[in-house]
Structures are given as C-alpha cells and as structure tokens.
Amino acid sequence: MGEKSKRKGSGGGFTKANKKVKTTTKNESSEDLSSSAQKRQLKKERQSHRRHAESVMDAKLLWNKLREKSNTPEDTKELMNQVMTLIKGKVNEIALQHDASRVVQAAIQFGNEEQRKSLLKEICAEGAAGLAELSKIQYAHFVCLKFIKYCNRDQECVKTIVKSFKGSIPKLAVHSVAARVVESLFLELPPKSTMVLKQELYGPHFSLFVQDLKKSPTLKSNLESATTDTQKEAAIKFVKEILSKGMTKSFYGYTFFQELLAEYLDVVDPTEIRTIISSVADHSIHLLSTRPGSRVVAICASYGTPKDRKRICKSLKGYTASSLLHRDAYLALLKLVQVTDDTVSINKSVFNEILTSPSPSDENSQSQSHRLLDLALSESASKLFLLLLVEDDEARAKYFDPYERSILFEDATVKENGQEVPTSKKDPSIRRQELLKYLEDGLLRLSTEHTSELITSLPGSRVL
C-alpha cells in the first residue's frame, strides 16, 4: 500500500509539474519571437488604437486587391464600391495615416468621376482640413497630388481644387513638402485656372485687388501695373523673400521656382543679380531642365565674376554633350562660352568632353568624329559651332531666333566707380579665335569624313 501511495503521489506530483512546464512554455513562446515578428505585433497593436482602425484594416485588404493588374473593369468597380463604403465620412482622418493614405490614393486613381468628386467634396468641405493643409503633411500630400493628376480635366473639380489652395500659395511654395504640390498645380492644371494662384507669388496687394487676368501674370507685368514706387518695392521684396527661402531648401529643380527666379533677375539691377549668383552658380545643372532655368544660368554667366563663371563650369562638367542636345539647356552653355575670358578653362571643362576620343576598350563608345557629328546634325548643338565659325556679327545673328538673340547678343555691364563697365574684358573676336583653335582640327576632320551626312541635313549643311 505504501509503495502504491508513493507511486500515486509521485505520479500526481509529476502531472502538476508538467502543467506548470506547459504554461511557462506558452509564455516563453510569445516572448521568444523573432525581432521582426515582435515589431509586426507591436505595429498591429498600435494600429488597433487608431481611429477607424477596423475600417482601415478592411480597406487595406481591398486596396491590395484593387491594385492588381489582372483586375477586370467589373472587378475594379465592385472593389471601389466596397472601398467607398468603408472610407466615406472618414477620408480627412485616414488620409493623414501612412498606410491608410494609400487607400485614399487608390480610390482617387481607380474611382470613377462621381467617386472622385465625392472624395474631393468631403476633403474640401467647410470645417475640414482642406487640400492646402493636407499638402503640408508627409503622407497626406500624396492624396493632393492624386487629385491634381486625375481631376485636372473636370472643370468643376479644377475650380474646387483652386479654391482650396487660394490664399495659401506663398507659404506652400516655400514649404519642404507642399512645394511639390505647388509644382504639380502649375504643371498639371490648365494655365487659365492657376493664374489667380500664380498672382499670389507677387505679394498681397496684387492678389487681393486682382482684376480679370487675360494672360499669365509675371513680376514685370505687375510692376508695370503698379501705381506707386512703394508697390513696386514691396513686390520685389516679397518675391526675393520667397526665392531666398527656396534657395536655402534647394528648390532649384522646381519649374515654378525657376520661372520666378528668371522673372526676378529680369527686373532687378546688375548689383542685385551678382548677390544672387553666389547662391545659384553651384546649382546650375539643376536649372537647365527648362527654358526659364536656362535663362537664369545665362544671366548669371553674363553678370558673374570670373570666379562665378568657373563655378558654373564646374557644375556643368560632364554634361556638355547632353546640354547642347537639350532643347533648352544649350542656350546657357552658349552664353557661358561667349562671355568667359578664360578660354583655357572653357576648353578643359566644356570642349574637352566633345573632343576627347573614348577609350578603345569601350565597345559601345563612338569615335570623336561621330560625337561631333551628332552635335553638328542637331538644331540646338550646331549653334555652338556657328557661334564660333561665323565672323560677321550680322551674318551670325541670322542663324539665331529672336529669343536666342535677346540672350546671346546683349552685352552685360555693371557699375564700377560710377561708370558702366562690361563684365567681359577680352575682345570678342580674340576670344572667338582662341576658342576656334581648340575645335578647328576636329571640325575639319568631321567635314572631310562625314560630308554626305552634313550636306543632307539643314543644321549640318550650315556648319559645313
């Protein structure tokens, strides 16, 4: 009996201990999760405490299905109806969230016109945040970009979007996140609709008392319409503040910023231009994507000091051929070549790229003559050769259109000791001869080896 009781006792003790072991292993299994699994678990817990957590979770599952490329129009329509049911009345809150913002973006992208209008009205309703406020937020600004992209053909939606941004453009234009939305506004929406918004960039006086605008406003047109000198000074100061903030945040790649900078340099005196050059010169390559940006670089080259021109050359180094072939960038390069007195540095930083033969080991590379041929056959790049080959000023001017002549054939001067002094000291004919020496051998070889290609092309025949 004693042995039996001991066995029972030992058996009972073992089962209790076993139960304890089992409970501890369950706790340990939750604690011994991998770090990535623990992060996912914590993320789910955090998301569960957000507003509209259940709706967002369901909407995200639909979003994953909605963005599949294999969906038929019927599938997309059905999924969109489900998404709209889940997010209706909650768009302003969930657009601020990192993951949920993507659901709203997808709803704008895949929804029909009525669904887009419904979402836009909800965001722009009275008491709601509005597009202007959402554009300042990292995740929500993508929603604004989607509205601008997919609603730009609907006149009613365009009016709603413009109204939502009205009065906020000067602040948004210098905001690190919202500037991207402002760029999209001016590029995607019809110019007639955004003229009122652009007018805000020139100061409160011109935006508050704006009349019916027949064409896109500029700083120059506003200064001409100003009735007092105080208004003119206030407008220039207002634009300068926007540009200063934009330059500190490196907004040189934005088209609206390049246009505003070009307009500013067109109306201020050379002394003010020189103060701007110090900030712009090192970022010249980012300005060459548009015609206004190229004009800015050309103006900086015209009025800059020799040091400024070297900095511009350094910024453009390695992009000579691509810039000459670009529809807008070539003008800045032509002006830089035309005004720089240090012809040796121009040869090293500009001509060297198009004259240096590629290495023989590079199978995909072209010969020097082929590289020059591409430039000579290009409408824009061939003008570099014409600028140096044609001696007579009047004959040379015939190869350039009025806009090009306004940039290339105006002599820049600055005041020194009360007198107007040209910014380039060297005689233009001497500079032209020095530059031509570097290109002479290459151009002669090009003309003899590729005569047939040149003569059958209008730009090439001019060079020949």
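Helices (H or I, at least four residues) and strands (E, at least two) are DSSP runs, numbered from the N terminus. This is a predicted model, where local features need pLDDT of at least 70, side-chain atom pairs count only at pLDDT 80 or more, and totals for chains, interfaces and linings use all residues. Residues are numbered from 1 along each chain as its sequence is written, and side-chain values use heavy atoms, with hydrogens and water left out.

**Exercise 1. Place Asn 92 and work out what its side chain reaches.**

Step 1: start with the address. Asn 92 belongs to helix α5, residues 91-94.

Step 2: check the cover. Asn 92 has a relative accessible area of 15%, so it goes down as buried (under 20% relative accessible area; exposed is over 50%, partly exposed in between; 1.4 Å probe, protein chains only).

Step 3: follow the side chain. It comes to 3.1 Å from the backbone oxygen of Glu 122. That fits a polar contact, which is a pair of N or O atoms within 3.5 Å; within protein, one must be able to donate a hydrogen and the other to accept it, and residues adjacent in sequence count only if both atoms are side-chain atoms.

Step 4: list the company. With neighbours within four places in sequence set aside, Asn 92 is in contact (heavy atoms within 4.5 Å) with Glu 122, Ile 123, Ala 128, Ala 129 and Gly 130.

**Exercise 2. Sort out the aromatic pairs and the charges over rings.**

Step 1: get the count. You'll find five aromatic pairs in the structure. Rings of Phe, Tyr and Trp (its six-membered ring) pair if their centres lie within 6.5 Å; planes under 30 degrees apart count as stacked, over 60 as edge-to-face and the rest as tilted.

Step 2: take one stacked pair. Tyr 254 and Phe 256 are 5.8 Å apart centre to centre, with 25 degrees between the planes, and count as stacked. Phe 256 is buried, at 6% relative accessible area.

Step 3: take an edge-to-face pair. For Phe 400 and Phe 409, the centres are 5.6 Å apart and the planes make 75 degrees. Phe 400 is buried at 3% relative accessibility, whereas Phe 409 is partly exposed at 29%.

Step 4: join the rings up. Phe 186, Phe 251, Tyr 254 and Phe 256 are linked into a cluster by ring pairs.

Step 5: look for charges. A charge sits over a ring if NZ of Lys or CZ of Arg is within 6 Å of the ring centre and within 35 degrees of the ring normal. Arg 67 lies over the face of Trp 63, 4.2 Å from the ring centre, and the charged end of Arg 291 sits over the ring of Tyr 403, 4.2 Å from its centre.

**Exercise 3. Describe the largest nonpolar core, then the surroundings of Val 280.**

Step 1: define the set. A nonpolar core is a set of buried Ala, Val, Leu, Ile, Met, Phe, Trp, Tyr and Cys residues joined through side-chain atoms within 4.5 Å.

Step 2: find the hubs. The largest core has 127 residues, and the members touching the most others are Ile 87, Phe 147, Ile 161, Phe 165 and Phe 351. Helix α23 (residues 330-339) gives this core its largest share, eight residues.

Step 3: zoom in on Ile 161. Leaving out neighbours within four places in sequence, its contacts are Leu 120, Leu 131, Phe 147, Ile 148, Cys 151, Leu 185 and Leu 189.

Step 4: move to Val 280. This residue lies in helix α18 (residues 270-280) and is buried, at 1% relative accessible area. Not counting residues up to four places away, Val 280 touches Met 247, Tyr 252, Leu 261, Leu 287, Val 296 and Cys 300. The C-alpha atoms of Val 280 and Cys 300 are 8.0 Å apart, with their positions 20 residues apart along the chain.

**Exercise 4. Which loops hold Ser 250 and Asn 417?**

Step 1: recall the background. Most residues other than glycine have a negative phi.

Step 2: do Ser 250. Its phi is positive, about 55 degrees. Ser 250 lies in the loop between α16 (229-248) and α17 (255-267), and is partly exposed at 45% relative accessibility.

Step 3: do Asn 417. Here phi is also positive, near 55 degrees. The loop is the one between β1 (413-416) and β2 (419-422), and Asn 417 is exposed, with a relative accessible area of 83%.
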